Amino acid sequence: MALGQAPLSAWPLALTGLVMAVLSWSKALTAGEAAWRGWTVGFGAFLMSLTWLVNPFLVDPVRHAGMIPFALFFMCGGLALFWALAFYAAKRLRLGLPGLVAFWGLAELARGHLFTGFPWAMPGYIWLDQAPAQLASLIGPYALTALTFAWAALVARAVLRRSGLTGGAALILMILAYGYGWARLSQPLPQDRPQSIRVVQPNAPQREKWDPELVWTFYERALTLSAPEGADLVIWPETSVSVPLWAADPYLTEIAQNVSPARAIVGLNRVEGYQGYNSAILVGHDGQPQEIYDKHHLVPFGEYMPMPALLERIGLRAFTAQEGYGYSAGPGPRLIDTGGTGLALPLICYEAIFPRDLRTDERPDWLLQMTNDAWFGMFSGPQQALAQARFRAIETGLPMVRAANTGISAVIDAHGDIRVAIPLGTSGAVTSTLPGALPKTLYMRYGETALLGLLTLLMVSGLSVSRLGTGQGQRDRRTRKTD
């Protein structure tokens with residue numbers, strides 16, 4: 001299953017793993033055994049998908065490396081509990097494979113919402129770069145994940161029952177998924193907007209990013225890369241200006257002069273009273289902040305600490321907030337008016353993994369992700385973050401501009417395809433026209449309605465299976481009693 005996630009994206013292997021997971025559930029004799037099988041399957045899949053979680057602890061390995069085994073076990077083991085509960089409930093209620101798919105899909109929805117949510121490595125993401133990924137524009141990533149479970153269940157049932165009919169149903173479902181995707185991809189995208197965006201990637205390794213002897217080296221590098229070259233807007237990554245906003249006037253003025261006649265959006269910290277914010281600032285031609293967005297969906301244990309006083313006693317503090325108690329959350333999603341380049345919905349790092357954070361009353365013209373993926377290492381983490389950004393473009397029908405500190409920075413069109421990109425671990429800048437937006441997608445209009453309808457249908461089907469099984473059992477007992 002993990003091999004289906006970026007960067008390998010080996011979706012046939014991932015589907016095989018899902019079929020094996022369904023077969024494993026089918027062979028469980030009790031609900032407790034089913035729960036154990038669900039937990040072990042989930043733990044293995046999440047452990048291999050989230051290996052990048054070790055990297056934040058290696059920024060200062062002397063102090064933090066000892067926490068790696070605990071972080072991996074509790075994180076991956078906790079996520080696997082959602083799958084364990086799904087496997088348990090389906091077996092305990094005797095709802096058959098439809099019940100398993102329903103509870104499994106519900107478990108993924110819960111994983112993306114409960115305890116602030118962490119929907120990373122959703123099984124539906126294995127379809128990236130395949131036509132079925134376009135279904136996310138219609139039903140969303142959670143329903144796409146549930147459909148992927150349903151396909152695996154059909155194949156597993158065909159194997160168990162040696163049923164050509166069930167195997168044919170699985171084939172038809174796959175054909176329909178590809179057919180919709182090909183149909184959507186065959187539709188031409190709207191013309192690009194006449195304005196251009198320049199994305200800057202300074203490439204500051206995390207262990208050097210806040211080094212007093214190097215921090216201005218990265219600032220000067222970003223400044224040099226920011227020459228607009230005809231661009232209307234220049235974008236720097238998350239926390240790319242190292243001083244807080246109250247002390248940033250000379251630097252913002254210098255940035256404004258350097259990018260003129262364009263404007264710039266930069267990431268920095270903002271302090272208001274005793275609260276600090278991870279912010280994106282639109283810098284005007286005069287160097288003054290014109291728009292401010294404060295990140296509202298913070299990373300637990302990374303940007304803030306739940307129960308900080310208690311956790312400080314055992315030596316735990318927030319990583320990205322310079323080991324303090326952390327940032328404060330902003331009021332919520334809001335649009336930034338960038339002038340000629342239209343309304344942008346800013347997403348700072350972690351926020352781009354949540355489909356629900358992209359719903360606003362007024363529709364933006366494009367999506368902007370400013371991130372510091374240096375925390376994620378140099379292999380799977382940044383690749384998976386990019387994959388999720390591409391899914392957000394598909395789901396919304398909007399282009400995505402992604403500015404990442406160490407990569408991968410990219411301009412992504414409304415089909416989720418990468419127009420231009422700056423490779424991982426390199427410094428550079430790229431200028432591109434802003435891709436056009438498609439009409440508002442059904443998923444953006446109706447949210448998880450399709451998922452809830454699918455789960456309801458599966459539950460009803462599971463109840464029918466349960467009743468048939470109960471009726472057959474009663475008939476068998478009456479037959480034995482008569483004999």
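What should the 17 residues of helix 1 span at 1.5 Å a residue, and how far apart are its end C-alpha atoms? The expected span is 24 Å and the end C-alpha atoms lie 25 Å apart, which agrees. Expected span here is 1.5 Å times one less than the number of residues. Helices (H or I, at least four residues) and strands (E, at least two) are DSSP runs, numbered from the N terminus.

The model is predicted: local features need pLDDT of at least 70, side-chain atom pairs count only at pLDDT 80 or more, and totals for chains, interfaces and linings use all residues. Residues are numbered from 1 along each chain as its sequence is written, and side-chain values use heavy atoms, with hydrogens and water left out.

Helix 1 covers residues 11–27. Its buried residues are Ala14, Leu15, Gly17, Leu18, Val19, Ala21, Val22, Leu23, Ser24 and Trp25. Buried means under 20% relative accessible area, exposed over 50%, and partly exposed in between (1.4 Å probe, protein chains only). The cover over these helix 1 residues includes helix 2, helix 5, helix 6, helix 7 and helix 8 (164–186).

Two of these neighbours were examined by their axes. Axes are lines fitted to C-alpha atoms, for helices over the stretch in contact, and angles run from 0 to 180 degrees between N-to-C directions. The axes of helix 1 and helix 7 come within 8 Å and cross at roughly 60 degrees. Helix 1 is therefore oblique to helix 7. Angles under 35 degrees count as roughly parallel, over 145 as roughly antiparallel, 65 to 115 as roughly perpendicular, and the rest as oblique. The crossing is right-handed. A crossing is right-handed if the near helix is turned clockwise from the far one by less than a right angle, and left-handed if anticlockwise. Leu15, Leu18, Val19, Val22, Leu23 and Ser26 of helix 1 are among the residues in this interface. In helix 7 they meet residues including Phe149, Trp151, Val155 and Leu160. Contact means heavy atoms within 4.5 Å.

The axes of helix 1 and helix 5 come within 10 Å and cross at roughly 45 degrees. That makes this pair oblique. Helix 1 passes helix 5 in a right-handed crossing. Ala21, Trp25 and Ser26 of helix 1 meet Phe87, Ala90 and Lys91 of helix 5.

Trp25 lies in helix 1. Trp25 is buried, at 5% relative accessible area. Beyond its neighbours within four places in sequence, Trp25 contacts Ala34, Phe87, Ala90, Lys91, Gly96, Leu97 and Leu100. Trp25 and Val41 are 16 residues apart in sequence and 9.9 Å apart in space, C-alpha to C-alpha.

Helix 2 (residues 31–49) has 19 residues. It reaches 27 Å from first C-alpha to last, close to the 27 Å expected. Its buried residues include Ala34, Trp39, Val41 and Phe46. The buried residues of helix 2 pack against helix 1, helix 5 (68–92), helix 6 and helix 13 (380–396).

Two glutamines were also examined. Gln134 sits in the loop between helix 6 (96–111) and helix 7 (136–161). At 3% relative accessibility, Gln134 counts as buried. Its side chain makes a polar contact with the side chain of Arg184 at 2.5 Å. A polar contact is a pair of N or O atoms within 3.5 Å; within protein, one must be able to donate a hydrogen and the other to accept it, and residues adjacent in sequence count only if both atoms are side-chain atoms. Gln201 belongs to strand 1 (residues 196–201). Gln201 is buried, at 0% relative accessibility. Its side chain makes a polar contact with the side chain of Ser409 (2.7 Å). The Gln201 side chain also reaches the backbone oxygen of Pro423 at 2.9 Å.
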